[in-house]
Amino acid sequence: MTGTFTPAPGRAPMRAVLSRQVRTELLLTARRGEAVVLAMGVPLLVLLGATLTRATNVPGADRPGYVVPGVLALTVLSTAFTGQAITTGYERSYGVLKRLGASPLTRPGLLAAKTVAVWCLVAVQLLVLAVVGVAVGWRPQLGQLLPAVGVTALATAAYCGLALLLASLLRPETVTAAATLIYVLMLAAGGVMFAAPDLGPAGYFLLPLAAHAAALRATLTGGAPVDGWIWASLALWAVLALVGAARRFRWE
């Protein structure tokens with residue numbers, strides 16, 4: 001038949017390119033055992049240690065209700081920021097990003113694929129940790145589940161943008177040190193497993209982890225709506241981080 005085997009050169013549809021890159025990102029993450037340990041091991045230990053023992057002081061009598069949402073927020077930070085920054089930094093060092101730059105994948109496309117892949121990974125991690133939380137006494141209120149998912153999506157996007165921006169500005173070895181340091185500082189100041197000073201709206205803009213943890217406690221533990229300042233702070237972090245990453249991202 002005429003035209004049946006006529007070559008049709010051209011770039012694949014962007015939707016197909018992005019879906020394949022998302023799948024590749026998920027497969028590569030699954031093969032990195034250390035990334036899985038970092039993303040799940042530390043938050044799980046924090047959850048069990050802070051919930052089952054009295055090693056830390058938490059406000060109120062509902063210890064799981066305070067600790068579990070904070071650990072869920074910490075898991076998002078661990079996966080979307082720390083793990084993403086370190087992985088991307090070494091991908092640049094090994095020449096992986098340089099090769100991707102010669103493919104049909106665009107810079108915004110790579111950023112979008114990495115963010116979507118992290119969203120998928122975070123969803124699985126949070127589900128597992130939530131089940132563990134329920135097993136140790138947490139009783140989530142599901143009436144505000146949708147706002148909790150919304151703020152988590154914003155926090156994930158913000159951390160992904162910050163991770164990719166950090167990986168573009170620093171050497172891989174420096175990225176590892178900087179990302180780990182920021183993770184530890186956020187853990188210490190974000191009020192994850194113990195009460196932190198209440199800085200009000202200013203604290204939400206300075207510490208996105210604190211804003212995310214406060215939102216999850218309000219919705220999943222208290223059944224209340226998310227504070228408007230939290231929406232504003234996480235949306236601002238997400239926009240600034242993703243725009244900064246898109247402008248400064250380097251293939252090599």
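# Group meeting talk: a chain built from helices

Hi everyone. The chain on the screen has 10 helices and zero strands. Please keep in mind that this is a predicted model. Reading along the sequence, you get the pattern α-α-α-α-α-α-α-α-α-α, which makes the topology string easy to remember!

Let me begin with some totals. The chain has 252 residues, and 44% of them count as buried. The chain exposes about 12,500 Å², with carbon and sulfur atoms supplying 69% of that area. For those of you who like contact maps: take the contacts between residues at least 6 apart in sequence, and 83% of these join residues at least 24 apart.

Now let's go inside. Which residues touch the most other members of the largest nonpolar core? That core has 50 residues, and the ones to look for are L72, L74, L77, Y159 and L209. The elements that give two or more residues to this core are helix 2 (33-52), helix 3 (63-93), helix 5, helix 6, helix 7 (172-189), helix 9 (208-221) and helix 10 (228-248). Helix 3 contributes the most, with 13 residues. Apart from this core lies another one, of 10 residues, including V17, L100, A245 and F249.

Back to L209 for a moment. Setting aside neighbours within four places in sequence, L209 is in contact with A73, L74, L77, Y159, M186, L187, G190 and V192. L74, L77 and Y159 are on that contact list, and they are also among the core residues that touch the most other members.

L209 brings us to helix 9, where I'd like to spend a little time. Helix 9 has 14 residues and reaches 19 Å from its first C-alpha to its last, close to the 20 Å expected at 1.5 Å a residue. Is helix 9 largely enclosed or largely open? It is largely enclosed by the rest of the structure, because 11 of its 14 residues are buried. The buried ones are P208, L209, A210, A211, H212, A213, A215, L216, R217, T219 and L220. You'll see that R217 and H212 are on that list alongside the alanines and leucines. And what covers the buried residues of helix 9? The cover includes helix 3, helix 6, helix 7, helix 8 (201-206) and helix 10. Just after helix 9 comes G223, which takes a positive phi of about 70 degrees.

Let's zoom in on H212, which sits in helix 9. H212 has a relative accessible area of 0%, so it counts as buried. Not counting residues up to four places away in sequence, H212 touches A73, V76, V151, T152, A155 and L234.

V76 comes up again with T156, a residue of helix 6. T156 is also buried, because its relative accessible area is 0%. Beyond four places in sequence, T156 touches V76, A80, V118, W119 and V122.

V151 comes up again too, this time with W231 in helix 10. W231 is partly exposed, with a relative accessible area of 33%. Leaving aside neighbours within four places, W231 is in contact with P147, G150, V151, L154 and V226. There is also a distance you can check back to helix 9: the C-alpha atoms of W231 and A211 are 20 residues apart along the chain and separated by 8.6 Å.

Next, helix 5. Helix 5 has 29 residues and reaches 42 Å from its first C-alpha to its last, close to the 42 Å expected at 1.5 Å a residue. Helix 5 is followed by G137, whose phi is positive, near 115 degrees.

A little further on is L142, in the loop between helix 5 (107-135) and helix 6 (145-169). L142 counts as exposed, because its relative accessibility is 59%. Together with L145 and V149, L142 makes a nonpolar surface patch of about 280 Å².

One last stop, back at helix 1 (residues 14-31), where we find A30. A30 is exposed, with a relative accessible area of 58%. In sequence, A30 and L121 are 91 residues apart, while their C-alpha atoms are 9.5 Å apart in space.

So, for the discussion, please keep two places in view: helix 9, with 11 of its 14 residues buried, and the nonpolar patch made by L142, L145 and V149. Thanks for listening, and I'm happy to rotate the view for anyone!

Notes
Residues numbered from 1 in each chain as written. Predicted model: local features only at pLDDT ≥ 70, side-chain atom pairs only at ≥ 80, totals over all residues. Heavy atoms only, no water. Patch = residues over 30% accessible without salt bridge, like charges linked within 9 Å, V, L, I, M, F, W, Y side chains within 5 Å. Areas by Shrake-Rupley, 256 points an atom, 1.4 Å probe, with all protein chains shown as cover. Salt bridge = Lys/Arg side-chain N within 4 Å of Asp/Glu carboxyl O. Helix = DSSP H or I, 4+ residues; strand = E, 2+ residues; numbered from the N terminus. Buried < 20%, exposed > 50% of the residue type's maximum accessible area, 1.4 Å probe, protein only. Core = buried A, V, L, I, M, F, W, Y, C linked by side-chain atoms within 4.5 Å. Contact = heavy atoms within 4.5 Å. Expected span 1.5 Å × (residues − 1).
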